[in-house]
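Okay, thanks everyone for squeezing in. I'll put the model up and then walk through a few things I picked out.

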Amino acid sequence: VAYHNTGLLRTPMQIALGLNFFNFCIVSIRVKESLPAHLRAPFQIKNANPIGTVRFLLAKQRRFLVAFALMSLLDSFSFQLLISVLQPFTVIAYNFSISEYSGLMMTFGISLVLAVTCGMRPLVKRCGEVFTMRLGYVLSCLGLLLFGVTYYFGHAAPPHDRPGRYLLYECAIVFACGAISGPTQSAIAARCVSSSQIGKLQAATGSLETIGKIIGPLIVLGTFAPSVASGHPSSIFFAAALVLLPGVLIAMRIHTFIPRRVLERPWLPPSELIPPGRKSRMHECEMRNNSSFGSVDNFDTKM
C-alpha cells in the first residue's frame, strides 16, 4: 500500500524503521528488568560471541542438548536461505511484480501468525508438544520441496501462465505452518535443564540460530546464480530441504535423546512418546511424591 501510494521503494523501509524505533521506545520506557539483581551474571567477554555460549551444551550431563541446538541451527539456516532467495526466484521464474511478491510475503506472514497463535495451542493440547514439533519440521521440509517441485509444473509455458506462480502461495502456507516447531522445541528443551539454566540454554541455541542466519545467505550467494544459469533456479529449495532433513530425522528420534527423568515427569505431554518399557515406570513416577525428584533447580544434576 505504501509503495502504491508513494511510488518509492524506500517508503516501506522507512515505515518499518519508524515502527522499530517506536517499539524500541516502548521497551526502553515501559519494560522493566524482571530478573533480580543477585541472579544476574556479570558480563564476560569470552561469552560475547556466537561460539562462547555453546560451551554450555558440551558439558557431559547436558550433551544431549546438542540435538536441540543442531535442530535450531538447521531450521534457522533453511528459513534464512528461503527468505534470501525467494524474491529473486519469483522474479526470474515467474516475472513477479513488487505487488505480487508483497502479496506472497503477506500470505506467508499471516499464515505464520495464525499457525503459531491459533493452530499450535489446540494441537499441543490434543497431541502433545513433541508431536507438534515433529509435525512442524515435516511441514517445513515439505514446504521447501514444494517450492522446488512446483517450478516444473507447466515449465514450457510463459512465466505469466505457469501454474507454479499460483501454487507458490500454497507452498508459502505449508512452510509457514512449520513454524509451530520452534516454540514447542524450546519448551521441551527448557524442561531438560534447571530453571536457573534456561537463559544459558536459550543463549546457546540462539547463537547457533544466528550462525544459521549468517550461513544461509552465503550459500545463496554462491549457488543461486549457477543454478539459474543451468536452467534450474528451484534447485536451491531442494538443497535447503536436504539441509533440513537431518533436523527432521532428529525430531523423529528426539525421545531417544531426552533423559529418562524428563520422559517420566507426569507433566510432559505425549504418552505416545514413552517407549513401552518405560510406561510402567511413568505410572510409578506419577504416584510418587514430587519431593522424590528434588527441587527443579537441582534437576540438572540428577539426570
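Quick vocabulary first: when I say buried I mean under 20% relative accessible area, exposed is over 50%, and partly exposed is in between, with a 1.4 Å probe and protein chains only. By that yardstick Phe153 is partly exposed, at a relative accessible area of 38%. Also, this is a predicted model, so local features need pLDDT of at least 70, side-chain atom pairs count only at pLDDT 80 or more, and totals for chains, interfaces and linings use all residues. Residues are numbered from 1 along each chain as its sequence is written, and side-chain values use heavy atoms, with hydrogens and water left out.

Back to Phe153, then. You'll find Phe153 in the loop between α5 (129-149) and α6; helices here are DSSP runs of H or I, at least four residues, and strands are runs of E, at least two, numbered from the N terminus. Together with Leu145, Val149, Tyr152 and Phe238, Phe153 makes a nonpolar surface patch with about 380 Å² of accessible area. Patch members have over 30% relative accessible area and no salt bridge; nonpolar side chains (Val, Leu, Ile, Met, Phe, Trp, Tyr) are joined within 5 Å, like charges within 9 Å. The areas are Shrake-Rupley with a 1.4 Å probe, and for residues only the protein chains shown count as cover.

So how many salt bridges does the structure hold? One, taking a side-chain nitrogen of Lys or Arg within 4 Å of a carboxyl oxygen of Asp or Glu. The partners are Arg165 and Glu100, with the closest N and O atoms 2.6 Å apart. That pair links distant parts of the chain, 65 residues apart: Arg165 sits in helix α6 (residues 164-177) and Glu100 in helix α4 (residues 98-127). Arg165 is buried, at 4% relative accessibility, while Glu100 is partly exposed at 27%.

Now α9, residues 235-252. Its 18 residues should span 26 Å at 1.5 Å a residue, and the end C-alpha atoms are indeed 26 Å apart; the expected span is 1.5 Å times one less than the number of residues. There's a kink of about 35 degrees at Leu244, shortly before Pro246, the bend being the angle between axes fitted to the seven residues ending there and the seven starting there. Leu244 is also one of the buried residues of α9.

Last one: Ile214, in helix α8 (residues 198-229), is partly exposed at 48%. Ile214 and Phe77 are 137 residues apart in sequence, yet 7.9 Å apart in space, C-alpha to C-alpha.
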